Amino acid sequence: MSRTAVVPVLTIDGPSGSGKGTISRRVAEHLGWRLLDSGALYRAVGYAAGAAGLDLSDAEAVTRCAQATKIRFQASTDGSDTRILVNGHDATDELRTETAGAAASAIASIAPVRQALVELQLGFRKAPGLVADGRDMGTVIFPDAPFKVFLTASAAERAKRRYKQLKEKGLNVTLSSLQREIEARDHRDASRTVAPLKPAPEAVLVDTTGMDIDQVVTKVLAVVQP
């Protein structure tokens, strides 16, 4: 029997700031399943390309970078978020910046880059199950997943959440600029020709505007454990 027939997958897609990362981690912990943060892979390649001084519009150079970049997820020793090593460097904090997010969005529109990361993502599908967090998990990477969720929230709400997160990290940001960046990224992600951001036809839509984390986790778990 094939791997895909045995191992269940819950895909959680949605735009930037919809809460995918936090919700995916909580749900994976509750189910005891593995977790794939696909956005971190794109951020890691974008980071590596920037560190190498590459022009992100140079498709060939960025594709070579994607093929060569070594990305490793490492559990933290103090119980905090998983650390992400890019070519041996702990780039976890750098990957959470809006700059890294913008770089990830830019290179995600390059078809060969996406293809270079497909096999890496498929490799996360291991027993007892996988929670896959991203933008095209349910439509492109795991179209056969038995459980699919699409999280969303208003741009204003997502900007407020991101503002709070970044301020807590001591970063100097403004709410208005964050909202503009989120709206621009939404447009870019939804209008790209390669794997545009959209819910799978069978995905359960969850609007998280005005909801707290526990409420959203409960709704998502109900998709897997009705």
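The side chains of K164 and E168 come together in a salt bridge, with 2.7 Å from N to O. Both residues belong to helix α9, where four residues, or about one turn of the helix, separate them. K164 and E168 are both exposed. The spacing fits a general rule: an α-helix has 3.6 residues a turn, so residues three or four places apart point the same way. The model described here is predicted, and a search of the whole structure finds 13 salt bridges in it.

Another of these pairs lies in helix α10, where R185 and D189 are four residues apart, again about one turn of the helix. Their side chains meet in a salt bridge at 3.6 Å, N to O. In this pair R185 is buried, and D189 is buried too. Salt bridges with shared partners also link R83, D90, D93 and R96 into one network.

A further salt bridge runs between two helices. R158 pairs with D186, and the closest N and O atoms are 2.6 Å apart. Because R158 lies in helix α9 (residues 155–168) and D186 in helix α10 (residues 175–191), the pair ties together parts that are 28 residues apart in sequence. R158 and D186 are both buried.

Turning to the nonpolar interior, the largest core has 32 residues, and L36 and F142 have the most contacts inside it. Two or more residues each come from α3 (38–51), α4 (59–68), β4 (83–86), α6 (98–107), α7 (111–122), β6 (130–134) and α8 (137–141). Helix α3 gives the largest share, seven residues. Another core, of 19 residues, lies apart from this one and includes L31, V131, V206 and V216.

F142 gives a view of the surroundings within the largest core. Leaving aside residues up to four places away in sequence, F142 touches V9, T11, L36, Q121, L122, R125, L130, A132, M137 and K148. One of these neighbours, T11, is found in strand β1 (residues 9–13). T11 has a relative accessible area of 0% and is therefore buried. With the same sequence neighbours left out, the contacts of T11 include A132, M137, G138, A145, F147 and V149, as well as F142.

Helix α7 offers a simple check of geometry. At 1.5 Å a residue, its twelve residues should span 16 Å, and the end C-alpha atoms are 17 Å apart, which agrees. Which residues of α7 are buried? They are V113, R114, L117, V118, Q121 and L122. These residues cover an arc of only 150° around the axis, so they lie on the same side of α7. Q115 and E119, on the other side of α7, are exposed.

Two features of the backbone deserve a look. Most residues other than glycine have a negative phi, and most peptide bonds are trans. N87 is not a glycine, yet has a positive phi of about 50°. N87 sits in the loop between β4 and β5 (89–90), and its relative accessibility of 47% makes it partly exposed. The peptide bond from A127 to P128 is cis, with omega near 5°. P128 is placed in the loop between α7 and β6.

Confidence in the prediction varies along the chain. The average pLDDT is 90, and 95% of the residues score at least 70. Confidence is lowest in helix α1 (residues 3–6), with a mean of 60, and highest in β1, at 98.

Notes: Residues are numbered from 1 along each chain as its sequence is written. This is a predicted model: local features need pLDDT of at least 70, side-chain atom pairs count only at pLDDT 80 or more; totals for chains, interfaces and linings use all residues. Side-chain values use heavy atoms; hydrogens and water are left out. A nonpolar core is a set of buried Ala, Val, Leu, Ile, Met, Phe, Trp, Tyr and Cys residues joined through side-chain atoms within 4.5 Å. Buried means under 20% relative accessible area, exposed over 50%, partly exposed in between (1.4 Å probe, protein chains only). Contact means heavy atoms within 4.5 Å. The expected span of a helix is 1.5 Å times one less than its number of residues. The arc is that of the directions from the helix axis to the C-beta atoms. pLDDT is the predictor's confidence in each residue, from 0 to 100. A salt bridge is a side-chain nitrogen of Lys or Arg within 4 Å of a carboxyl oxygen of Asp or Glu.
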